[in-house]
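User: I'm new to this one. Could you walk me through it and tell me how you know what you say?

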Amino acid sequence: MASSRTIKLHIGNALPPANARGTEQIIALWQQIGTFFRERSFQAQSGIKGVARAYSISLDSSSLLHAMESARDQSQSFSEQRRAYIDNPGNRIDAELAITVTGQEHALEELESYQVATVFLHQLVMATNIIHPGAFQVLDARFTGEGAHRFEAQQFDAQIFRGALKTATSNEWPKLGSPGLETVWTWLEHTGVARADTAIKDINRVLFTLLKVAEQRQEYSARTVLLVMYQLEVLLDCRETRSLEQLRNRGQLVLGAIPEAADCFKELYDVRNGLFLASQPVHRPPLICHNTAKALREQIGQHNTAVESGTALVLALLQDLIAHNARSYNFTERMSRE
């Protein structure tokens with residue numbers, strides 16, 4: 001017999017940074033999301049080390065959409081609303097999501113419902129940031145309601161993805177499109193990324209790492225470089241330790257010639273190697289406030305351009321795979337004698 005539970009998530013910092021144009025695009029995406037997840041079938045892992053089961057998911061994102069539309073109407077953009085909030089907390093940037101999980105053929109336990117809701121949230125973070133980088137963030141978040149104190153909400157930042165979009169736009173490479181919600185969600189379902197907590201397939205290793213990138217808060221250190229390099233090396237099937245030229249060449253095969261300003265491969269490669277050689281500086285975790293990101297960009301040991309350009313590459317490669325309904329690339333090097 002089917003049973004349901006609704007998990008409520010309050011997001012204290014729900015508005016991602018965006019200019020007026022980006023604000024309109026993100027609102028349009030969330031308008032689609034508001035009607036897309038209504039008793040939608042969802043296969044997901046039922047618990048840590050649990051088996052995958054069939055569920056249906058409904059998402060009530062009306063509070064978030066209302067917060068976004070109010071910010072646009074009050075301040076023209078999310079970024080302006082966030083600036084207004086600094087001096088006046090009456091300019092709200094919080095919102096709530098309600099995720100209703102329904103077990104298809106079994107009674108739903110409390111722990112199981114939180115597990116499935118969290119897996120769904122993971123996939124929503126992936127989908128939204130592939131469609132429009134920087135479209136969704138979950139910061140200062142907590143579960144609410146009866147029993148919610150027993151569970152800790154995870155946090156995901158939009159800043160790195162927004163930076164990737166800005167960098168790609170500025171460099172005019174790589175070209176980032178806007179794939180459809182149905183297309184991206186169906187592709188993610190076919191990868192099976194929601195059905196296990198350990199990624200074995202290469203594409204799922206990249207997608208899980210995309211979540212770990214989203215957990216990075218404004219400090220784009222060597223650790224973040226390592227995550228981005230890992231994704232690129234898995235996507236482009238470059239497993240050798242000295243694969244810089246191969247990595248660059250394969251990136252060009254898929255995405256076209258790399259403008260000099262967008263060529264982040266050498267910096268990523270050098271920083272990754274420097275991390276293993278223990279030559280990279282390590283910073284204290286910063287106090288997060290309204291001007292942290294700006295202050296950090298001027299700090300030695302930050303790798304903003306490389307990380308954002310590398311993340312743009314990862315997103316462009318994922319969009320390319322989705323456009324061709326593929327899961328991986330198959331590169332074949334040729335040899336000839338003259």
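Analyst: We'll go through the sheet, a helix pair, two pockets and two backbone oddities, keeping in mind that this is a predicted model.

User: Okay, the sheet. How are its strands ordered, and what makes β2 and β5 its edges?

Analyst: Five strands form an open sheet in the order β2-β3-β4-β1-β5, with antiparallel pairing. β2 (40–45) and β5 each have a single partner strand, so one side of each has no neighbour in the sheet, and that is what puts them at the edges. On average, neighbouring strands here are turned by 35 degrees against each other, direction ignored.

User: How do you know that β3 and β4 count as a pair?

Analyst: The cut-off is at least two bridges between the strands. β3 (residues 52–60) and β4 (residues 95–103) are joined by six bridges and run antiparallel, so they pass. You can look for Ser56, which stands opposite Thr102 in β4.

User: And what joins β1 to β4 and to β5?

Analyst: β1 pairs with β4 over nine bridges in the antiparallel sense; Ser3, for instance, has Gly103 of β4 as its bridge partner. With β5, β1 shares five bridges, again antiparallel, and there Lys8 has Thr144 as its bridge partner. Both counts meet the cut-off of at least two bridges, so both are pairs.

User: Why are α4 and α12 called roughly perpendicular?

Analyst: Angles of 65 to 115 degrees get that label. α4 and α12 pack at about 95 degrees, with their axes 10 Å apart, so the label roughly perpendicular fits.

User: Which residues make that contact, and what classes are they?

Analyst: α4 (110–131) brings Asn129, Ile130 and Ile131, while α12 (304–323) brings Leu315, Leu318, Gln319 and Ile322. By class, the contact has five nonpolar, two polar and no charged residues.

User: Now the pockets. How much space lies in the largest one, and which residues lie nearest its centre?

Analyst: About 940 Å³ lies in the largest pocket. Its lining has 32 residues, with Arg82, Gln159, Gln218, His290 and Ala293 nearest the centre. The elements giving two or more residues to that lining are α3 (78–87), β5 (139–144), α5 (159–171), α11 (292–297) and α12.

User: How much space is in the second largest pocket, and what lines it?

Analyst: The second largest pocket holds about 730 Å³ of space and is lined by 30 residues. Nearest its centre are Gln115, Thr118, Val119, His122 and Gln154. β1 (3–13), α4 and α7 (202–214) each give two or more residues, and α4 gives the most, with ten.

User: What classes of residue make up each lining?

Analyst: The largest pocket has nine nonpolar, 13 polar and ten charged residues in its lining. For the second largest pocket, the lining divides into 19 nonpolar, seven polar and four charged residues.

User: Last bit: what makes Lys49 and Pro174 worth a look?

Analyst: Most residues other than glycine have a negative phi, and most peptide bonds are trans. Lys49 isn't a glycine, yet has a positive phi of about 65 degrees; this residue lies in the loop between β2 and β3. The bond from Trp173 to Pro174 is cis, with omega near -10 degrees, and Pro174 lies in the loop between α5 and α6 (181–191).

Notes: Residues numbered from 1 in each chain as written. Predicted model: local features only at pLDDT ≥ 70, side-chain atom pairs only at ≥ 80, totals over all residues. Heavy atoms only, no water. 1 Å grid on protein atoms, 1.4 Å probe; cavity = no way out; pocket = protein on both sides within 12 Å on 5 of 7 lines; lining within 4 Å. Points joined across faces, edges and corners; volume = space filled by probe spheres on them. Helix = DSSP H or I, 4+ residues; strand = E, 2+ residues; numbered from the N terminus. Nonpolar A, V, L, I, M, F, W, Y, C, P; charged D, E, K, R; others polar. Axes fitted to C-alpha atoms, helices over the stretch in contact; angles between N-to-C directions. Parallel < 35°, antiparallel > 145°, perpendicular 65-115°, else oblique. Contact = heavy atoms within 4.5 Å.
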